[in-house]
Amino acid sequence: MPNSIIVRIGKIELKGELFDTPAGRAMAQSLPIECQWSRWGEEYYGTTQPGFGSYPGDTTDLMEVGDLAYHAPNGWFCLFFGPTPASRGQEPRAAVPVLKVGKVKGDWAAVKALAESVKATVEAA
């Protein structure tokens, strides 16, 4: 069963869920999660506190706006909100294959206006 979450970046709230997958469940059990994110095109990525290990599941580089993803080798937790330098057109695309772990909705124009580096918190809704 998915877990309802809120991703807070400053005054912005993105509401959604963590999926019922091994990685999604591990993250849900560790809430709240603190993120230090850097921007790469229209993606935020970075490390979390607490950190997470490796999990089984299908990986992909093709994303949708609002996808949350995890890259175990680097410990990166990612939020996709538009094209990245790896995109072929307007679709969001990860630099490397990642596990999709959740999905959020919100004000993407406000997210696009944020700084190159942000702190975010993922909380239970």
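Start at the hairpin of E3 and E4: three residues sit between the two strands, and one to click on is Gly41, which takes a positive phi near 65 degrees. Keep in mind as you go that this is a predicted model.

Now widen the selection to the strands themselves. E3 covers residues 33–39 and E4 covers residues 43–49, and the two pair in the antiparallel sense over six bridges. For a landmark on this pairing, pick Trp37 and look across to E4, where Gly46 stands opposite.

Stay on E4 and bring in E7, residues 76–80. Four bridges join E4 to E7, and these two strands also run antiparallel. Select Glu43 here and you'll find Phe80 of E7 standing opposite. While the strands are on screen, recall that side chains in a regular strand alternate between the two faces of the sheet.

Next, show the aromatic side chains. How many aromatic pairs are there? The count comes to six. Zoom in on Tyr45 and Trp76, an edge-to-face pair with 5.1 Å centre to centre and 65 degrees between the planes. Tyr45 belongs to E4 and Trp76 to E7, so this pair ties together parts that are 31 residues apart in sequence. Colour by accessibility if you like: Tyr45 is partly exposed at 25% relative accessibility, and Trp76 is partly exposed too, with a relative accessible area of 28%.

Then hop over to Phe52 and Tyr70. Their rings are also edge-to-face, at 6.3 Å centre to centre and with 85 degrees between the planes. Phe52 is in the loop between E4 and E5 (59–62), while Tyr70 is in E6 (residues 67–71), so the pair ties together parts that are 18 residues apart in sequence. Buried or exposed, these two, Phe52 and Tyr70? Both Phe52 and Tyr70 are buried.

Before leaving the rings, select Trp37 again, this time along with Tyr44, Phe77 and Phe81: ring pairs link these four into a cluster. Trp37 is the residue you met earlier opposite Gly46.

Last stop: helix H1, residues 22–29. Select Ala23, Gly24, Ala26, Met27 and Ala28, which are buried. What covers the buried residues of H1? Turn on the strands around the helix: the cover includes E1 (3–9), E2 (12–18), E3, E6, E7 and E8 (93–105). So some strands from earlier stops come back here, among them E3 and E7, as part of what covers the buried residues of H1.

Conventions
Residues numbered from 1 in each chain as written. Predicted model: local features only at pLDDT ≥ 70, side-chain atom pairs only at ≥ 80, totals over all residues. Heavy atoms only, no water. Pairing = 2+ DSSP bridges. Phe/Tyr/Trp six-rings, centres within 6.5 Å; stacked < 30°, edge-to-face > 60°. Buried < 20%, exposed > 50% of the residue type's maximum accessible area, 1.4 Å probe, protein only. Contact = heavy atoms within 4.5 Å.
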